[in-house]
Amino acid sequence: MYTSFYKLAEMPFTISTDPRFLWLGDKHREALANLNYGLVEADGYVVLTGDVGVGKTTLVNALLESVDDSILTINVSHPTLSILEFFRFVAKAWDGPAEMATKVEFLFFFEESLLKTHEEGRKVLLIIDEAHKLSEELLEEIRLLSNIEHQGIRLINIFFVGQNELKDILMNPQFRALRQRITLFYDIKPLSPGETAAYIKHRLQVAGGDGDIFSADAVAAVHSFSKGYPRLINTICGR
């Protein structure tokens with residue numbers, strides 16, 4: 001492609017979430033700080049929302065890269081599962097049986113595993129990516145899972161990550177109990193013109209370039225077309 005012409009070691013504008021290309025603007029750093037706070041301090045749900053292509057999954061990956069073995073993470077990136085399929089997916093975090101025939105069987109296993117993990121001095125973090133795609137039934141089951149406690153301490157942290165429509169879903173009357181438990185809510189916005197310029201330069205430098213391939217006018221045009229959405233910035237710059 002164009003890598004040899006611009007003396008780049010690799011493609012700088014792929015849309016994959018390679019952590020080496022991670023760039024955090026002020027909004028993203030604030031969002032990541034909120035996620036870390038929610039993991040350590042919050043006694044409830046953390047909700048992260050944003051439009052398509054704004055960088056939600058990138059932030060989730062950055063959080064997962066930053067945690068150590070004291071955190072057992074369960075990252076559900078395909079939430080369009082049946083309730084039993086979801087239970088089996090979660091159970092695999094503890095190397096549980098692949099086939100759980102009933103909800104009762106899962107709940108016994110799940111509570112026992114949470115208690116054991118707590119006794120080991122570890123936290124459990126359940127991340128639901130694309131949470132706006134959850135069925136109402138599964139969303140209610142997830143809410144009930146968070147009620148498991150030990151001596152007044154909740155044994156699982158739950159992060160919901162989704163597109164903007166997740167906010168509307170959570171406003172439905174049937175999710176009143178869940179909504180009251182949300183302790184942190186953060187909405188990611190697109191990049192500003194200055195952040196767009198810094199983002200482009202960073203990716204070029206990671207790819208082995210000097211970061212100055214695009215003129216100021218070109219960067220302004222990229223921001224104008226992309227509206228500051230990182231995924232669109234990558235697509236346009238690659239073109």
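This briefing describes the nonpolar cores, one strand and one helix of the structure shown above. The model is predicted, and the values given here are computed from it. In the largest nonpolar core there are 34 residues, and strand S1 and helix H4 are among the elements that give two or more residues to this core. In soluble globular proteins, nonpolar side chains tend to be buried together.

**The nonpolar cores**

- Within the largest nonpolar core, the residues that touch the most other members are Phe86, Trp94, Phe110, Leu126, Ile128, Ile142 and Phe160.
- Two or more residues of this core come from each of the strands S1 (45-50), S2 (71-76), S3 (123-128) and S6 (157-162), and likewise from each of the helices H3 (83-91), H4 (103-119), H5 (136-145) and H6 (165-170).
- Once its neighbours within four places in sequence are left aside, Leu126 is in contact with Ile74, Val76, Phe86, Val90, Ile142, Ile156, Asn157, Ile158 and Phe159.
- Another core, which has 22 residues and includes Ala31, Leu39, Val60 and Leu125, lies apart from the largest one.

**Strand S1 and its partners**

- Because six of the six residues of S1 are buried, this strand is largely enclosed by the rest of the structure.
- In a regular strand the side chains alternate between the two faces of the sheet.
- In S1, Tyr45, Val47 and Thr49 point one way while Val46, Leu48 and Gly50 point the other way, and all are buried.
- S1 runs parallel to S6, to which it is joined by five bridges, and Thr49 of S1 stands opposite Gly162 in S6.
- S1 also runs parallel to strand S7 (residues 182-188), with six bridges joining the two, and here Thr49 stands opposite Asp187 in S7.

**Helix H4 and its two sides**

- H4 is made of 17 residues and reaches 24 Å from its first C-alpha to its last, which is close to the 24 Å expected at 1.5 Å a residue.
- The buried residues of H4 are Phe106, Phe109, Phe110, Ser113, Leu114 and Thr117, and because they cover an arc of only 135° around the axis, they lie on the same side of H4.
- These buried residues of H4 are covered by elements that include strands S2 and S3 together with helices H3 and H5.
- On the other side of the helix, Val104, Phe108, Glu112, Lys116 and Glu119 are exposed.
- After H4 comes Gly121, a residue whose phi is positive, near 80°.

How values were computed: Residues numbered from 1 in each chain as written. Predicted model: local features only at pLDDT ≥ 70, side-chain atom pairs only at ≥ 80, totals over all residues. Heavy atoms only, no water. Core = buried A, V, L, I, M, F, W, Y, C linked by side-chain atoms within 4.5 Å. Buried < 20%, exposed > 50% of the residue type's maximum accessible area, 1.4 Å probe, protein only. Helix = DSSP H or I, 4+ residues; strand = E, 2+ residues; numbered from the N terminus. Contact = heavy atoms within 4.5 Å. Pairing = 2+ DSSP bridges. Expected span 1.5 Å × (residues − 1). Arc of directions from axis to C-beta.
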